[in-house]
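Notebook open, model loaded. I want to look up how the chain folds together, how the sheet is laid out, and which backbone angles look odd.

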Amino acid sequence: MDQTSPAAAGTLQRWLTGPRVGGLPHLAALPAPRLSFEFFPPRTEALEAQLWACIRRLEPLRPAFVSVTYGAGGTTQARTHATVARIVQETSLVPAAHLTCVGATRAEVEEVARRYWEAGVRHIVALRGDPPAGATGYAPHPGGFAYAADLVAGLKRIAPFEISVAAYPETHPAAVSPEADLDNLKRKIDAGATRAITQYFFDTGVYLRFLDRCAAAGITVPIVPGIMPVSNFTQMRKFSAMCGAGVPDWMGTLFEGLEEDAETRRLVAAVVAAEQVRLLQANGVDEFHFYTLNRPDLVYAIAHLLGARPAPRG
Ligand SMILES: Cc1cc2nc3c(=O)[nH]c(=O)nc-3n(C[C@H](O)[C@H](O)[C@H](O)COP(=O)(O)OP(=O)(O)OC[C@H]3O[C@@H](n4cnc5c(N)ncnc54)[C@H](O)[C@@H]3O)c2cc1C
């Protein structure tokens, strides 16, 4: 190439004056990640088969635990229980059952928890829950647990469960203020939770600043980032608007024009999630919770990039 061409001069000029970006650290320099995977309980036989294929694919990565969600308004109680019970009976995995306050009395929620304990389940993800579709806002059930902090305290009275709770780097949408939301997280920890799992986020800086705020508030339990690999950007953007997760403009640009091109979208999604987790890892984060949506491939690939390797057979 002609070194005196304007293009070459421009490149050199950019190199001399622009930002210099260092590479991310190599895996050998980093600890193996501690992983957890979240599934939802299936509604149909076909979805059940998909879930179990997903579980079997991810199981060799030896996650610290896998969790099973509880449908909005407590609508999946039986299916959540059945899925968790099957994980106990048929896999080597440690399950965590999500449990919410919505639409049930304290006695009913406590009964569900007791049944989990009897089935050998020792870990609960304790949540307030969202109201069922169509309801206008959240109203505590009369005689129910009003908020997740109350549920955590109630569970601790039943048995020495390990308890994880939700945290919101971008603040829960119904919170009075970021400070009030952080106080709420602290109350959940003080009531007995030993881990927070975050709502998913795409701006890694927001999460890292949230860690600073948690530390300043005296919260010392792990605040595990919830990672959402994006398979359908349009759907994800709609969902994010409801749950208060910001979708940065740069993501829109990355997925632009790919609405009809699932294959390229998948590759882009893998890069977006990989960059996010590797940047978190470079910042010292070594625990990751994946929202799998019962689809294993992207999660498996990203976990591999983080250094997770399947257990040797036999
Ligand atoms: C990791 C994770 C897993 C989830 N799994 C499920 C699931 O399986 N099923 C499901 O239905 N939903 C699930 N959700 C969604 C969750 O239920 C909703 O985000 C819900 O709106 C809040 O639940 P919470 O446990 O964070 O509530 P809380 O911690 O109780 O907080 C809810 C809101 O109330 C405010 N608040 C708390 N205490 C008080 C008080 N005393 N007075 C006034 N305001 C108060 C808080 O600041 C916050 O705005 C999950 C979310 C996360 C992040």
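I started with contacts (heavy atoms within 4.5 Å). Among those in the protein between residues at least 6 apart in sequence, 79% join residues at least 24 apart.

Note to self on provenance: this is a predicted model, where local features need pLDDT of at least 70, side-chain atom pairs count only at pLDDT 80 or more, and totals for chains, interfaces and linings use all residues. Residues are numbered from 1 along each chain as its sequence is written, and side-chain values use heavy atoms, with hydrogens and water left out.

Next, overall dimensions. I looked up the radius of gyration, taken over C-alpha atoms, against the globule rule of 2.2 Å times the number of residues to the power 0.38. The protein has 21 Å, which agrees with the value near 20 Å for a compact globule of 314 residues. The C-alpha trace spans about 80 × 50 × 40 Å along its principal axes.

Then burial. I use buried for under 20% relative accessible area, exposed for over 50% and partly exposed for in between, with a 1.4 Å probe and protein chains only. By that cut-off, 46% of the 314 residues count as buried.

On to secondary structure, using DSSP runs numbered from the N terminus: helices are H or I of at least four residues, strands are E of at least two. I get eleven helices and nine strands.

How are the nine strands ordered in the sheet? They form an open sheet that runs β7-β6-β5-β4-β3-β2-β1-β9-β8, with parallel pairing. Two strands pair here if DSSP finds at least two bridges between them. β7 (223–224) and β8 (226–227) are at the edges with a single partner strand each, so one side of each has no neighbour in the sheet.

I zoomed in on one pair. β4 (residues 123–127) and β5 are joined by four bridges in the parallel sense. I124 has I163 in β5 as its bridge partner.

Last, the backbone angles. Which loop holds T171? T171 is in the one between β5 (162–167) and α6 (178–190). Its phi is near 75°, a positive value in a residue other than glycine. T171 counts as buried because its relative accessibility is 17%.

L293 also went on the list, with a positive phi near 50° in a residue other than glycine. L293 is in the loop between β9 (287–291) and α11 (297–305). At 37% relative accessibility, L293 counts as partly exposed.
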